[in-house]
Amino acid sequence: MAAARKKHAVEFRGIEKCPTGIAGLDQITYGGLPRGRPALICGGAGCGKTLLALEFIVRGATQYNEPGVFISFEEMSDELAANVRSLGFDLDDLVKRKRLAMDFVRVERSEIEETGDYDLEGLFVRINHAIDSVKAKRVVLDTIESLFSGLSNTAILRAELRRLFRWLKDKGVTAVITGERGDGLLTRQGIEEYVSDCVIVLDHRIQDQLSTRRLRVVKYRGSAHGTNEYPFIIDEHGISVLPVTSLGLDHPASTARISSGVARLDTMLGGRGFYRGSSILTSGTAGTGKTSLACSFARATCARGERCLYFAFEESPAQIMRNVSSIGIDLAPHVARGLLKFHASRPTLYGLERHLAVMHRQIEQFRPAVVIIDPVTTLMAAGVANDVRSMLLRLMDYLKSQEITAFMVSLTHAGSALEQSEAEISSLIDTWLFLRDIETGGERNRGLYVLKSRGMAHSNQIREFVLGKRGIELLDVYLGPSGVLTGSARVAQEIKEAAAMKSAARAVQRRQKELLSKRKALTAQMAALQAEIDAQAEAGEALLLDDRATDDQNAVERQAMAASRKADRPDSRPPVTRARP
Amino acid sequence: MSPPPRKPAKPKTSEEPGGAEWNLRLYVAGRTPKSIIAFTNLKKICEEHLQGKYRIEVVDLMEHPQLAKGDQILALPTLVRRLPEPIKKIIGDLSNTERVLVGLDLRPQP
């Protein structure tokens with residue numbers, strides 16, 4: 001904090017700042033109010049301007065060693081006194097220790113007769129005396145405009161106020177002047193024209209039946225400042241202004257990884273789970289197991305011996321614990337050991353800013369390693385979407401700066417576009433898990449996939465998300481012609497595949513047998529043919545022998561015939577010879 | 001702040017010590033022309049209307065700033081009628097004699 005202030009002081013060297021100590025206000029004014037000059041805080045009745053001024057004084061006296069003077073022109077109301085007491089600021093003690101001087105200036109018109117020229121030197125004397133008595137560096141003039149109702153000569157009053165503010169500047173005190181908002185003017189008497197260095201407007205309005213206090217820096221001469229309207233809250237710790245974005249985007253980034261509590265999910269997230277200090281969003285339609293996943297993560301956190309803070313906005317802690325015990329997640333021992341803390345409240349119980357403040361406080365007190373918000377979407381009922389976004393942004397900034405892992409659950413309405421309800425916060429999310437119903441074969445089953453996960457090689461596959469007796473399991477899904485198969489369709493597919501494999505094996509066997517018998521048949525055929533060949537060869541041999549025998553016989557008979565006819569050439573015709581095969 | 005031509009004593013009491021019936025206190029801050037005019041005017045009115053029964057106390061807030069709180073002094077000069085009761089406050093240099101008399105209840109409201 002101190003370092004941040006120093007940095008801003010360097011950045012905006014032009015003007016010296018006087019830190020208010022009010023959370024958030026110093027951020028949007030880059031360090032505080034202009035030192036040594038008057039600043040005007042104006043707004044309607046009950047907008048918190050007196051409290052802001054008082055807190056400026058008290059924090060100056062207690063935190064910055066700058067004693068203060070509080071000059072009130074109105075009766076100190078009981079409510080304010082009670083407020084201040086509950087802030088833990090003991091005004092009486094500060095007065096006793098000479099850190100604070102208070103003076104109540106009362107002007108009763110009916111008691112006063114004006115008889116000629118006068119000035120407000122008496123007021124100067126009183127303020128001066130108060131400043132000197134505690135060596136004050138800060139001065140508050142609470143609703144100095146009350147003077148206008150007590151004194152009738154406005155010409156004198158205006159001249160004297162101008163002189164007063166100049167005099168305060170010369171004294172070198174940082175002054176805060178409060179003013180009631182007027183018609184068309186920032187203040188009823190237009191004193192903003194005398195206080196030109198810094199003007200802050202407070203506002204308290206009702207939007208959608210939700211009351212929101214807002215603060216805006218209208219003007220800050222010589223300094224940059226946030227120009228938006230910033231919501232602020234008043235609670236038992238004083239005022240906190242909620243800048244839409246914290247100015248620094250320089251929170252540390254841890255490379256340590258933590259398990260999600262589901263081994264298979266860790267595998268999907270690059271094998272090692274979430275980054276520590278990252279923000280995780282789990283969104284899904286109703287009944288997809290978001291809370292179970294959150295509880296699984298909570299259990300894993302507590303099992304590591306780290307603290308986990310669970311903000312429940314829909315179910316009571318007992319109900320959550322009973323429900324997740326049915327899937328084997330027993331959180332009761334972790335609650336008993338003080339590692340797990342539930343904080344349950346209705347989102348509509350109070351406004352968004354207060355929710356944020358309460359959460360801050362809880363986180364500061366419990367110092368958890370993991371914060372679970374279940375669900376973040378119901379908070380949207382407590383505020384306008386834009387406000388919710390800025391609130392979450394601020395919360396996440398805070399968590400990141402503390403290296404706290406944020407696990408948020410978000411309910412997506414069936415039928416709406418996937419990103420619709422989370423559009424406001426998706427850019428703030430590091431890891432986004434999506435749970436959805438997969439409807440096939442007359443069944444609804446749960447599917448999980450990683451929509452995005454910054455800084456890690458994550459799986460792009462859908463896993464079936466099964467809530468069993470032993471907790472959460474992630475299973476592969478089957479891709480069929482009709483999409484992914486889950487549940488009993490997946491089981492059926494498994495059986496079908498096993499059967500197909502068996503029958504394929506049988507077919508191979510059968511074919512092998514067939515081939516074998518065919519080979520045998522062919523071999524037998526070959527043997528038969530050979531036998532036939534042999535038989536034929538034998539037959540041919542026999543034929544040749546017969547033929548020769550016949551030739552010899554013929555020759556003998558021919559010679560015998562020739563001899564009988566007395567032929568001179570007994571062997572004119574050669575005998576027929578047959579070639580052997 | 002120019003030095004005054006005449007120095008008002010402090011606390012300034014009137015010549016008649018027994019006149020405690022009217023107890024008037026005039027708050028000023030230093031010896032400014034305005035405070036001197038106021039004192040002169042007051043003295044004159046008292047002499048005319050309250051002779052012998054008044055007492056004027058001049059309080060210089062430059063010297064006793066802590067006294068401003070008690071009587072809720074804001075504008076200067078301020079004349080406070082402490083006695084008779086109720087307490088009345090008259091601010092300004094008392095140059096409007098009519099209004100001073102009304103303020104002191106020496107004359108009914110016009």
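Just after helix H15 of chain A, Lys566(A) takes a positive phi of about 70°. The value comes from a predicted model. Helix H15(A) itself spans residues 487–565. Its 79 residues reach 115 Å from the first C-alpha to the last. That is close to the 117 Å expected at 1.5 Å a residue. H15(A) is hardly covered. Among its 79 residues, the count of buried ones is two.

Chain B holds three helices and four strands. From the N terminus on, its elements follow the order β-α-β-α-β-β-α. Of its 110 residues, 39% count as buried. Contacts in chain B with a separation of 6 or more were also sorted by distance along the sequence. Residues 24 or more positions apart account for 71% of them.

The two chains share a sheet. Five strands form it, and the sheet is open. Their order is S6(A)-S4(B)-S3(B)-S1(B)-S2(B), with mixed pairing. Strand S6 (112–114) of chain A lies at one edge, and strand S2 (54–60) of chain B is the other edge strand. Each of these two pairs on one side only. Direction ignored, neighbouring strands of the sheet are turned by 20° against each other on average.

The junction between the chains falls at S6(A) and strand S4 (residues 88–91) of chain B. Three bridges join these strands. S6(A) and S4(B) run parallel. Within this pairing, Ile112(A) stands opposite Lys89(B).

Helix H1 (residues 33–49) of chain B lies across three strands of chain B. These are S1 (22–28), S2 and S3 (78–83). The helix runs at about 165° to S1(B).

Confidence was considered for the complex and for chain B. The predictor gives the complex an ipTM of 0.83. The pTM is 0.67. Chain B has a mean pLDDT of 81. In that chain, 82% of residues reach 70 or more. Residues 1–19 of chain B stand apart in this respect: pLDDT stays under 50 over the stretch. For these residues the model has 29 contacts beyond four places in sequence. Where pLDDT is low, predicted coordinates should not be read in detail.

Technical notes:
Residues numbered from 1 in each chain as written. Chains lettered and ligands numbered in written order. Predicted model: local features only at pLDDT ≥ 70, side-chain atom pairs only at ≥ 80, totals over all residues. Pairing = 2+ DSSP bridges. Axes fitted to C-alpha atoms, helices over the stretch in contact; angles between N-to-C directions. Contact = placed C-beta atoms within 7 Å. pLDDT = per-residue confidence, 0-100. Expected span 1.5 Å × (residues − 1). Buried ≥ 20, exposed ≤ 12 C-beta atoms within 10 Å, placed from the backbone.
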